[in-house]
Amino acid sequence: VSSGAIGMGVGKLNLPGKPSDMPSKQAAAAVGQCELMYTYDRLFLQYNHTVAQILLTGEDVDHAERRQNFENTLERLLELGALPITTAEIKVGDNDTLGAIVACSIHADLLVLLSDIEGLYTADPRKDPEARLIPVVEKVTPEIEGLAGGAGSGLGTGGMATKLRAAKMVTAAGCDMI
């Protein structure tokens with residue numbers, strides 16, 4: 001599951017920063033999506049891997065028949081040796097949730113979420129020098145959820161709260177998460 005199209009589009013369109021209105025976000029994503037997939041294709045080709053792009057909408061996830069089509073496509077791409085790169089329409093939500101949906105759809109053993117922070121802390125490490133990394137969370141409890149706070153960096157939209165929601169989703173399906 002990938003994002004970054006808006007950021008790439010912002011750069012290509014020379015916009016002053018991350019847009020706040022939906023038409024500008026969609027315009028930046030439209031331009032940036034081409035660049036993003038080109039980058040994936042170029043990088044994975046060095047390792048003799050074929051990439052495929054799957055675009056999702058909220059209806060694809062919520063509607064039973066469309067979700068089955070999505071799951072069948074993912075499975076077939078994997079059978080054929082292609083690496084599916086999944087992106088969603090802007091309003092579907094954050095990539096953590098989308099990653100969890102994809103992991104559950106293909107019955108993955110492990111979901112790995114990449115972030116600009118090492119993991120869950122006892123407090124926000126950018127504000128509290130006493131914050132300690134929690135190396136393992138066995139169960140997402142209300143106390144653990146209380147540590148999540150809001151959105152993290154200005155680059156993302158989810159923060160730790162969406163990562164914990166994703167963890168609850170995938171662990172309920174028997175998938176581990178890092």
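## Close-up views of a predicted model

**View 1. Leu13 is partly exposed, with a relative accessible area of 38%.** This model is predicted. Leu13 lies in helix α1, which covers residues 5–13. Set aside the neighbours within four places in sequence, and Leu13 is in contact with Ala27, Ala28 and Val31. Now find Ser24. Leu13 and Ser24 are 11 residues apart in sequence. In space, their C-alpha atoms are 10 Å apart.

**View 2. The cysteines form zero disulfides in this structure.** A disulfide is a covalent bond between the sulfur atoms of two cysteines. Look at Cys175. Its nearest cysteine sulfur belongs to Cys104 and is 6.6 Å away. A disulfide needs the two sulfur atoms within 2.5 Å, so a pair at that distance does not count. Is Cys175 buried or exposed? Cys175 is buried, with a relative accessible area of 3%. Cys34, by contrast, is exposed, and its relative accessible area is 58%.

**View 3. The largest nonpolar core has 11 residues in all.** Three elements each supply at least two residues of this core: β1 (50–56), α4 (64–79) and α5 (95–105). Among the core residues are Ala52, Ile54 and Leu56. Phe70, Leu74 and Leu77 belong to the core too. So do Leu98, Ile101 and Val102. The remaining members are Val61 and Ala82. Pick out Ile101. Beyond its neighbours within four places in sequence, Ile101 is in contact with Val61, Arg67 and Met169.

**View 4. A second core of nine residues is separate from the largest one.** Its members include Ala100 and Ala103. Leu113 and Ala166 also belong to this second core.

**View 5. Helices α4 and α5 pack at an angle of about 75°.** Two packed helices are described by the angle between their axes and the distance between the axes. Here the axes of α4 and α5 are 10 Å apart. Why is α4 called roughly perpendicular to α5? The angle is about 75°, and angles from 65 to 115 degrees count as roughly perpendicular, so α4 is roughly perpendicular to α5.

**View 6. Residues from both helices make the contact of α4 with α5.** From α4 come Arg67, Phe70, Glu71, Leu74 and Glu75. From α5 come Ile101, Val102 and Ser105. How do the residues of this contact divide into nonpolar, polar and charged? Four are nonpolar, one is polar and three are charged. Some names return from View 3: Phe70, Leu74, Ile101 and Val102 are also part of the largest nonpolar core.

Conventions. Residues numbered from 1 in each chain as written. Predicted model: local features only at pLDDT ≥ 70, side-chain atom pairs only at ≥ 80, totals over all residues. Heavy atoms only, no water. Buried < 20%, exposed > 50% of the residue type's maximum accessible area, 1.4 Å probe, protein only. Helix = DSSP H or I, 4+ residues; strand = E, 2+ residues; numbered from the N terminus. Contact = heavy atoms within 4.5 Å. Core = buried A, V, L, I, M, F, W, Y, C linked by side-chain atoms within 4.5 Å. Axes fitted to C-alpha atoms, helices over the stretch in contact; angles between N-to-C directions. Parallel < 35°, antiparallel > 145°, perpendicular 65-115°, else oblique. Nonpolar A, V, L, I, M, F, W, Y, C, P; charged D, E, K, R; others polar.
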